[in-house]
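Have your viewer ready, with the selection box at hand. We will go from stop to stop, and at each one I will tell you what to select and what is there.

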Amino acid sequence: MEMEMLILSVLVLFVSLYYVFRMLNRNASKNEVHHHHQLQLPPGSSGWPIIGEGLAFLMTAKRGVPEKFIGERRIKYSSSDSKSKSSSCKVFTTSLLRESMAVLCSAAGNKFLFSNENKLVKSWWPANIDTIFASSSKTNTAEESIRHRKVLSPFLGPDSLRKYLGIMDAVTKRHLDLFWSDKKQVKVLALTKMHTFTLVCKIFLNVEDPAVIAKLEKSIQHIAAGFISLPINLPGTAFNRAIQASKQVRKDLEKMVKQRRIDLDTAVAADENNNNQDLMSKLLLEKYSDGQQMNETDIANKLNGLLIAAYDNIFITLCSIIMYLSELPTVYDAVLKEQMEIADSKAEGELLNWEDIQKMKYTWNVVCEVLRLEPPNPGTFREAMTDFVYEGYLIPKGMKLYWSVFSTHKNPEYFPDPKKFDPSRFEGGGPAPFSYVPFGGGPRMCPGREYVRFTILVFMHNLVTRFRWEKVFPNEKMVMTPFLLPTKGLPVRLYPHLSTSSL
C-alpha cells in the first residue's frame, strides 16, 4: 500500500510539473510574440514604386563606386539607429528586385549570417535566376545542397587539386604560345574568357575538343546575359535565350555524363585511382554517406552551375589583376621577382608543382588585394526562415537579406585608406575576421576557392615571366554593368622579356 501511494505521489508530482512548465512556456511564447510586435523593422527606404532603390544601386556600381550605396545609407541611418549599442548603423532596409531587403553592413553582420545558415536564414535567388536554372529534378533543398557540397569538397580541396597543377600549367603555356606570343597587342577580356573556359572544361569534364568547348561557352554566355536581362520570356529576348541555353547545356552535359558512366563501367575511360581524373568522373564514382550515388541529372545540374561560377569569377579577376599590374609598376616588379625566382629554380620543361604554389606568397597577397577592391561577385541573397532579432530590430520570416562584400571591403573601419592598393594588408594575421569575404563564409563558402587560387597563380606565373604590358587606353577601368568588366575589353600592348622569351 505504501509503495502504491509513493508511485501515485510521484505521478501527481510529474503531472503537476508538466502543467506548470506548459503554462510558463505558453506565457513565454506570448511574451515573445508581444515583444516581436513591439519591435520595429530596421530603418530604411522602399524607394520608388516597383523599381525601389534599384536604380541608385545600379548607378553607383556603373560609376565604379558600388560601396557608396551601402556607405551612404550606413551614414544616413546611423542617427536613427538608437537601438544599437553604438551610433554606427549595423542594419538597414532597402528595396531591390521588387523585394524588401535587410542589409547587414558590418563584419559582425557577416559573421551572423554565415553562422546562421540553414538555422535562421537560407539561400535565396531572384525569380529570373530560378527560372533560368529551372529543372524537373527537385534537388535544390538545403539537405541536397549540403550533400552535394560534401561530395564536391574533396575534389575542390587543395590536396586533390594539387594533382592537376601540371595540367593547369601545360594548358596555360599552350594558350600563351598560341594566342599571346608573337603578338604586339591582345584583347585581355576575350583571351582570359577563352583560357578560363578551356581549362575548366579540361579539369571538370576532361573535354578538349575546341568545337565542343566553343558550343558550351556560347551557351554559358547566353545564360550569364540572362541574369541581368528583363525577365520577359518571349522568343528573341535575352531572357528567353538564357532559358533555352540553360536547357541545352543541361542536355549536353547529361549526355556526356551518361556516356562517361558507360565508359567508367567498362573501364575504358580511366580507373578509379587515376590522378588526372576529372570532376565529372569523380562525381559518378562518388557516393553519399547513405551509400547512394548521384544520378546523371543531378550531376549535369551541378556541373552547369559550377561551369558558370568558375568561368565568370576567374576571367573577371584575371582582367582586374592585369589592369592593376599595368598601373602599378612597383607591384608588377615585386611579382616578377618572386615568379622569376621560381622559374629559375625549374629544370627545362619542368611544370609547376605544389611547392612552387606555396612560394607565391606576395603574388597571392596581390590577388587578395585585387579581390578586396574589385570582387567579381559583390554579394548574394538570403531569406529569413523565421522571425529573429538583429541589433534590436525585427527581421520577419520571409524577409530577404542582401549580403555584400562592400559592407566591409572598402570600409575604413576595417581597411584604413581603403582606396589604396596595399598587398601588405594580407601579411601576418591579415584583415580582421569576417571583414575580407570575397568567397563568402560559413556552410555556403565558395567550394571552388582553391581552384580559383591555383588557376590564377598558374596563369600569373606564366604571364609575368613572359611579358610586361601597358593598356592601350590608359584611363580604362573595371566597371560593374552590373557584372564587373573592363569598359573597352582591356586591349594591351605586349613587351616580351628578351631573356625569358623561351619560357
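**First stop: a helix and what covers it**

Select helix H4: its buried residues, those under 20% relative accessible area with a 1.4 Å probe and protein chains only, are Ala 107, Gly 109, Asn 110, Phe 112, Leu 113 and Phe 114. You are looking at a predicted model, in which local features need pLDDT of at least 70 and side-chain atom pairs count only at pLDDT 80 or more, while totals for chains, interfaces and linings use all residues. Residues are numbered from 1 along each chain as its sequence is written, and side-chain values use heavy atoms, with hydrogens and water left out.

Helices (H or I, at least four residues) and strands (E, at least two) are DSSP runs, numbered from the N terminus. What covers the buried residues of H4? Add S2, S3, strand S6 (388-390) and S8 to the selection; these are among the elements that do so, where contact means heavy atoms within 4.5 Å. H4 itself spans residues 107-115 and lies across S2, S3 and S8, at about 125° to S8. For such angles, axes are lines fitted to C-alpha atoms (for helices, over the stretch in contact), and the values run from 0 to 180 degrees between N-to-C directions.

**Second stop: the five-stranded sheet**

Now show the sheet beside H4. It is open, has five strands in the order S1-S2-S8-S5-S3, and its pairing is mixed; two strands pair if DSSP finds at least two bridges between them. At the edges you will find strand S1 (91-96) and strand S3 (121-124), each paired on one side only. From one strand to the next, the twist averages 40°.

Zoom in on strand S2 (residues 99-104) and strand S8 (residues 400-404), which run parallel and are joined by three bridges. Here Ala 102 stands opposite Leu 401 in S8.

Next, pick Arg 98, in the loop between S1 and S2. Its phi is near 60°, a positive value in a residue other than glycine. Most residues other than glycine have a negative phi. Is Arg 98 buried or exposed? Arg 98 counts as exposed, at 69% relative accessibility, the cut-off for exposed being over 50%.

**Third stop: a nonpolar patch**

Select Trp 48, Ile 50, Ile 51, Leu 55 and Met 59, a nonpolar surface patch with about 590 Å² of accessible area together. Patches take residues with over 30% relative accessible area and no salt bridge, joining like charges within 9 Å and nonpolar side chains (Val, Leu, Ile, Met, Phe, Trp, Tyr) within 5 Å. Areas come from the Shrake-Rupley method with a 1.4 Å probe, and for residues only the protein chains shown count as cover.

Ile 50 sits in the loop between helix H1 (2-38) and H2, has a positive phi near 70° and is exposed at 66% relative accessibility. Met 59 belongs to helix H2 (residues 54-62) and is partly exposed at 37%, that is, between the buried and exposed cut-offs.

**Fourth stop: salt bridges**

How many salt bridges does the structure hold? There are 22, each defined as a side-chain nitrogen of Lys or Arg within 4 Å of a carboxyl oxygen of Asp or Glu.

Start with Glu 254 and Lys 258, whose side chains meet at 3.8 Å, N to O. They are four residues apart in helix H11 (residues 238-265), so about one helical turn separates them.

Then select Lys 346 and Asp 356, a salt bridge at 2.5 Å, N to O. Lys 346 is in the loop between helix H14 (329-344) and helix H15 (354-358) and Asp 356 is in helix H15, so the pair ties together parts ten residues apart in sequence. Both Lys 346 and Asp 356 are buried.

**Last stop: the three-stranded sheet**

Finally, show the open sheet with the order S4-S12-S9 and antiparallel pairing. Strand S4 (185-187) and strand S9 (467-471) each have a single partner strand, so one side of each is left without a neighbour in the sheet. Its twist averages 35° from one strand to the next.

S9 and strand S12 (residues 491-496) are joined by five bridges, and Trp 469 stands opposite Leu 494 in S12. Look too for the salt bridge between Glu 470 and Arg 493 (3.3 Å, N to O): it links strand S9 to strand S12, 23 residues apart. To finish, add helix H9 (residues 188-205), which lies across S4 and S12 at about 65° to S4.
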